[in-house]
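Visitor: Please take one part of this model and examine it closely, residue by residue, before setting it against the chain as a whole. I would like the reasoning behind each assignment to be visible.

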Amino acid sequence: MKVLLSWLREFAPVEGDPAFIGDQMSDLGMAVESMQVLGEGIGDIVVVRVADLRRHPDADRIQIVDVDAGDGELRQICCGAFNMSVGDLVPLAPVGATLPDGMEISRRKMRGEWSEGMLCAADELGLDDGSDGIMILDPTTAAPGQPLSQVLGLDGDVLYDLEINPNRPDAMSIAGVARDLAARLGVPFALPEPDVTPGGDAADGRISVEIVDPDLCGRFSAVVLDGVTIGPSPAWMTQRLSAVGMRPVNNIVDISNYVMWELGAPNHAYDLARVAGPTLRARWARPGETIETLDGVERTLSAGDGVIADGNDLPIGIAGVMGGASTEIGPSTTTVVVEFAWWDPMTIARSSRALSLRSEASSRFERGCDPDTATLAARRFAELAASMGATMAPGVVHADGTLPVTPVVQVRTARVNALLGTDLDADAIIAAIAPIGFDCAAHADGDDVVHVTVPTWRPDTVTETDVIEEIARHIGYSTIVGRRPARATTGGLDARQQLRRRVRSVMVGLGASEAMPTPLLSADDLRLSGLAPDAVVITNPLAAEESLLRPSLRPGLLRAVAHNAAHRNPTVRLFEVGRVFVPPGDPTSLPSEPEMCAVILSGEPAPAAVRMLDVLADALAVDIELLASEPVGMHPTRSAVVRCADTVVGVVGEVDPAVVDHMGLEGPVAWMEVDLDALAAVGSSSRNYRPVSRFPSADVDLAFELSEQVPAADLRRAIVRSAGDLLVDLQLFDVYRGSGVADGTRSLAHRLRLQAPDRTLTDVEVGTVRQAVVDHVTTELSATLRWFA
């Protein structure tokens, strides 16, 4: 919303430094996004009269213009524009002038003819009067020799660009901004009292107004203007409209926009001769009804749109959005009927969005306009039109529908002070909001309650909190001392939250992405996952095919992996932290709901899941061991249960190949699932950290062939026990089955890293450890050493 300081001063004597005024508007919640002093850069531009026009002897696209700046001396100007006539008043940038874009004007030759300056178009001066070519000035307000800034009324004027929030419909007008600013500065505010002398036949006999649907239109007013001559608007009006971003069109359209911007009263002018009836009828649109709008587009309406229809009940305008082309003001228009209406805000908002048709009018209607401003706006329109030769017909034709009820809000001083942290009494509250039109009365019993009647131009204010916000705005947020409310010191993560967060951090660090499958399954999901069909049944499922609560995280993660594989992403690492639902042994009991952490590694063998389990156990500071087992749905020889403190807390290994095949997957799928509730119950063990050795390490690679029935975890434990304190790291880096390895066996290759804290290990010491490991493993596990390095 752009406002001119000179325009604000027509409503209130606002004085002071423009920057200070801008700060006050920002403090009132109308943030100043930019401030521009108009007339800057055009101080050298003067008004001249065109004395003669002739063609350039050597250029078809240039003419020679003789101009008079009022001193009787003619200056020759070469100009490429041809929209001037002898006697026109135009702006001249003389030699030595500097234009707003920084261009300096000098005397120069153009095709052999001297040019003593430059005649200017509006855009070359940083202005926009809606015209092309050289700017033609109004002879009634300009004279040769006058500074252009003085003629246009831009000398020292200030343009503010304000950010107006959706809850401030009143601030979408010059009057609304001026009202707020006058209250803050303590100066009087007054709306204009238009000076209109009606004449001719009464309006109510020449136009009828009808509201068919009162829930759409709360008020409809119309005035008739006779003796209209369509033409350009005076320069002062076009410059004001251009400054605030409105494109001048013609005098009637410009007056319509001017009144809307000034008073926040959107309106629309119709050529009365083209209105059938003549009648203006407000009703809901009929589905499929069409109308050609002023932008030349034929639009199809729905039952949720509002229309203005004529006496033939044909749409001639879309309510609150845009008028129709059939009654558009044109050069032959002599009689105009102007509509001022109040439309349901939500209807306008929906129509504007549905039709992809935004206008300045719709942006105001959808926020909420003042229904009581129609008569004032109509008289203001007539006053401006009268200055251009039109006459207002006596009377304003009215029709009323359903208007919102003006709320009366009871504001408690205790509540005001509690929300704002202030110490205001009833008198201070009244003093803050009475100047902006809130009718206030203290409670007769003196119980510190103020009865506030909200003005019609503030439809956003309906509750006590809304009124308190207005109080805060006008006493000034900057005057309210900031303080931190007292509160109990709380917060922090409990032990379970810390555990859950640590688990997620570890999984992400190991390259897994978190998945969140649905906990609802079907019987087929359990069967395909290799799980027993025993599950908790939901009595009222959203879908019959998802009537079971998951007893494991495996079905959901298997489906997620299958989905990725179907989309050509066959190798993924996914994890989930969530609860499962274990059916109770006793039908009268509730199911247990342990919280689990599961990891699925598509295309990776069991050792990959074991490595992730080891990292997780280390991060949680728990001691675990793996015991060979055949968990349901898992590979019969490549799986184990996880035990911690003699309690089984999970499973690890590979998913049963049959399950993998049923899910449409290829290759091994590693799986790990642990019970976080059980791990939390066990608690963390103590960890003794030792210094990092400064001495070099030595690596030993050992590959053992051992039975498929012997868990890899047993081999790992045997190596750790026999290697002693010099072993600082142990990694399984290869699993081999195939040629050279007997049936029913596989080769497991480990890398042992040996390091002493106080010395460099000798070859003899490394060899001794290696032999001890080989002897122990081959004896205890009946394994065979395949190779070493």
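Guide: A disulfide is counted where a pair of cysteine sulfur atoms lies within 2.5 Å. The model is a predicted one, and by that criterion the structure holds zero disulfides. For Cys369, the closest cysteine sulfur belongs to Cys217 and is 12 Å away, which is too far for a bond. Cys369 nevertheless counts as buried, because its relative accessibility is 9% and the cut-off for burial is under 20%. Cys79 gives a similar reading elsewhere in the chain: its sulfur is 9.0 Å from that of Cys78, the closest cysteine sulfur, and so too far for a bond, while its relative accessibility of 6% places Cys79 among the buried residues.

The part to examine closely is the stretch that runs from α7 through α8 to α9. Helix α7 covers residues 345–354, and the loop that follows, leading to α8, contains Ser356. The phi of Ser356 is near 50 degrees, a positive value in a residue that is not glycine. Most residues other than glycine have a negative phi. Ser356 also counts as exposed, because its relative accessibility is 64%, and the cut-off for that class is over 50%.

Helix α8 comes next, and Ser363 has its place there. In contrast to exposed Ser356, Ser363 counts as buried, because its relative accessibility is 10%. The side chain of Ser363 reaches the backbone oxygen of Glu360 at 2.8 Å. Once neighbours within four places in sequence are set aside, Ser363 is in contact with Met172 and Arg358.

Glu366 lies in the loop that joins α8, residues 360–365, to α9, residues 374–386. Is this glutamate buried or exposed? Glu366 is buried, because its relative accessible area is 16%, under the 20% cut-off. Its side chain makes a polar contact of 3.2 Å with the side chain of Arg353. Residues up to four places away in sequence aside, Glu366 touches Pro345, Ile348, Ala349, Ser352, Arg353 and Arg358. Arg358 thus appears in the contact lists of both Glu366 and Ser363.

Following the stretch onward brings us to α9 and the nonpolar packing. The largest nonpolar core has 117 residues, and those with the most contacts inside it are Leu125, Phe220, Leu225, Leu280, Val337, Phe340 and Trp343. Helix α9 gives the most to this core, contributing eight residues. Phe340 shows how such packing looks in detail: among the residues it touches, leaving out those up to four places away in sequence, are Ala374, Ala377, Ala378 and Phe381, together with Phe220, Val223, Val259 and Pro266. A second core, separate from the largest, has 31 residues, including Val503, Met507, Val577 and Met672. In soluble globular proteins, nonpolar side chains tend to be buried together.

Ser363 also offers a link to another local feature. Between the C-alpha atoms of Ser363 and Gly277 there are 30 Å in space, with a separation of 86 residues in sequence. The peptide bond from Gly277 to Pro278 is cis, its omega being near -20 degrees, and Pro278 has its place in the loop between β13, residues 267–271, and β14, residues 279–284. Most peptide bonds are trans. A positive phi also occurs at Ala645, where the value is about 55 degrees although the residue is not a glycine. Ala645 is found in the loop between β33 and β34, and it counts as exposed because its relative accessibility is 55%.

It remains to set the part against the whole. The protein has 20 helices and 39 strands. Its radius of gyration is 43 Å, well over the 28 Å that the globule rule gives for 789 residues, so the protein is more spread out than a compact globule. Along its principal axes, the C-alpha trace spans about 120 × 80 × 60 Å. Of the 789 residues, 49% count as buried, and the accessible surface comes to about 36,400 Å², with 50% of that area belonging to carbon and sulfur atoms. Among contacts between residues at least 6 apart in sequence, 69% join residues at least 24 apart.

Methods: Residues numbered from 1 in each chain as written. Predicted model: local features only at pLDDT ≥ 70, side-chain atom pairs only at ≥ 80, totals over all residues. Heavy atoms only, no water. Helix = DSSP H or I, 4+ residues; strand = E, 2+ residues; numbered from the N terminus. Buried < 20%, exposed > 50% of the residue type's maximum accessible area, 1.4 Å probe, protein only. Polar contact = N/O pair within 3.5 Å; in protein donor to acceptor, adjacent residues only side chain to side chain. Contact = heavy atoms within 4.5 Å. Core = buried A, V, L, I, M, F, W, Y, C linked by side-chain atoms within 4.5 Å. Rg over C-alpha atoms; globule rule 2.2 N^0.38 Å. Areas by Shrake-Rupley, 256 points an atom, 1.4 Å probe, with all protein chains shown as cover.
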